[in-house]
Amino acid sequence: MNAREAVTAVVVAGGKSTRFGSDKASAIVAGRPLLGWVVRGVSPACEALVVVRAEGQALPEAATDRPVKVVDDLYEGKGPLAGLVAGLAACETPLAFAVSCDVPLVRSDLVTGLAGLAAENDIVIPHVDGFPQPLLAIYRVESCLPVFRRAVEEERLKITHAFLGLRVRAAREPEVRAFDPDLESFTNLNRADDLSEIEALLLKRGGHR
């Protein structure tokens, strides 16, 4: 670990996966559950992990040498911002790296790089293809948690709409490429049709990160 502040990965795994057609977290990709690939990708850069699930959701084992907490989403049907609230509430580090469970190519260097930009900021959010990526971003737990909780309770559920009043540091694409040159971390598995392409990329890596 470098001198940056400690980070917990908050893995949001409780989405309904309507486009995919089944529970993404448990889907087998290149011989490993999708959740397992994400955990493997972020673990080297994190002191701990929090996995947020829907109430009663069965999850595959998250194989890592880091401490793992599994928590239930506190607000049923409220989307990923609500999942972030549950995850941030369980964090014991100053920073959290939010990640969905459908980005099996996520790189630990992205976590480390974004966390290194967090000084004097509440949020460090990458922008790729001109769009903010709130589920591959760094959040300062102490300042973001109460603001996000209030947004959920007020039904303002789009993550980026909850940033009002927080100190946001945008990481533009050229800057992000310094941490992830091919932007592989931003390749997500939305549909079952995407499986073969992502499996090929994982196998090309040879299982190494």
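**Exercise 1. Surroundings of a residue**

Leaving aside its neighbours within four places in sequence, which residues is Arg107 in contact with? Then state where Arg107 sits and classify its exposure.

Solution. The structure is a predicted model.

Step 1. Set aside the residues within four places of Arg107; the contacts are then Gly41, Asp180, Glu184, Ser185 and Arg205.

Step 2. Locate the residue: Arg107 lies in the loop between E6 and H3.

Step 3. Compare a sequence distance with a spatial one. Arg107 and Phe179 are 72 residues apart in sequence, while their C-alpha atoms are 8.4 Å apart in space.

Step 4. Classify the exposure. Buried means under 20% relative accessible area and exposed means over 50%. Arg107 has 26%, so it is partly exposed.

**Exercise 2. The helix after the loop**

Decide whether H3 is largely enclosed, and list its buried residues.

Solution.

Step 1. List the buried residues of H3: Ser108, Leu110, Val111, Gly113, Leu114 and Ala115.

Step 2. Draw the conclusion. H3 has eight residues and six of them are buried, so the helix is largely enclosed by the rest of the structure.

**Exercise 3. The nonpolar cores**

Describe the largest nonpolar core and name the elements that build it.

Solution.

Step 1. Begin with a general tendency: in soluble globular proteins, nonpolar side chains tend to be buried together.

Step 2. Find the core and its best-connected members. The largest nonpolar core has 35 residues, of which Phe97 and Ile138 touch the most other members.

Step 3. Name the elements that give two or more residues to this core: strands E1 (7-12), E4 (48-53), E6 (95-100), E7 (123-128) and E9 (136-140), together with helices H1 (34-42) and H3 (108-115).

Step 4. Follow one member. Not counting residues up to four places away in sequence, Ile138 touches residues including Val7, Phe97, Val111, Leu114, Ala115 and Val124.

Step 5. Look for a further core. Another one, of 31 residues, lies apart from the core that holds Ile138; among its members are Ala90, Ala98, Leu145 and Phe163.

**Exercise 4. The whole chain**

Judge whether the protein chain is as compact as a globular protein of its length.

Solution.

Step 1. Count the elements: the protein chain has six helices and 10 strands.

Step 2. Compare the radii. The radius of gyration is 16 Å, close to the 17 Å given by the globule rule for 209 residues, so the chain is as compact as a globular protein of that length.

Step 3. Add the burial: 51% of the 209 residues are buried.

Step 4. Add the contacts. Among those with a separation of 6 or more, 69% join residues 24 or more positions apart.

Notes. Residues are numbered from 1 along each chain as its sequence is written. This is a predicted model: local features need pLDDT of at least 70, side-chain atom pairs count only at pLDDT 80 or more; totals for chains, interfaces and linings use all residues. Side-chain values use heavy atoms; hydrogens and water are left out. A nonpolar core is a set of buried Ala, Val, Leu, Ile, Met, Phe, Trp, Tyr and Cys residues joined through side-chain atoms within 4.5 Å. Buried means under 20% relative accessible area, exposed over 50%, partly exposed in between (1.4 Å probe, protein chains only). Helices (H or I, at least four residues) and strands (E, at least two) are DSSP runs, numbered from the N terminus. Contact means heavy atoms within 4.5 Å. The radius of gyration is taken over C-alpha atoms; the globule rule is 2.2 Å times the number of residues to the power 0.38.
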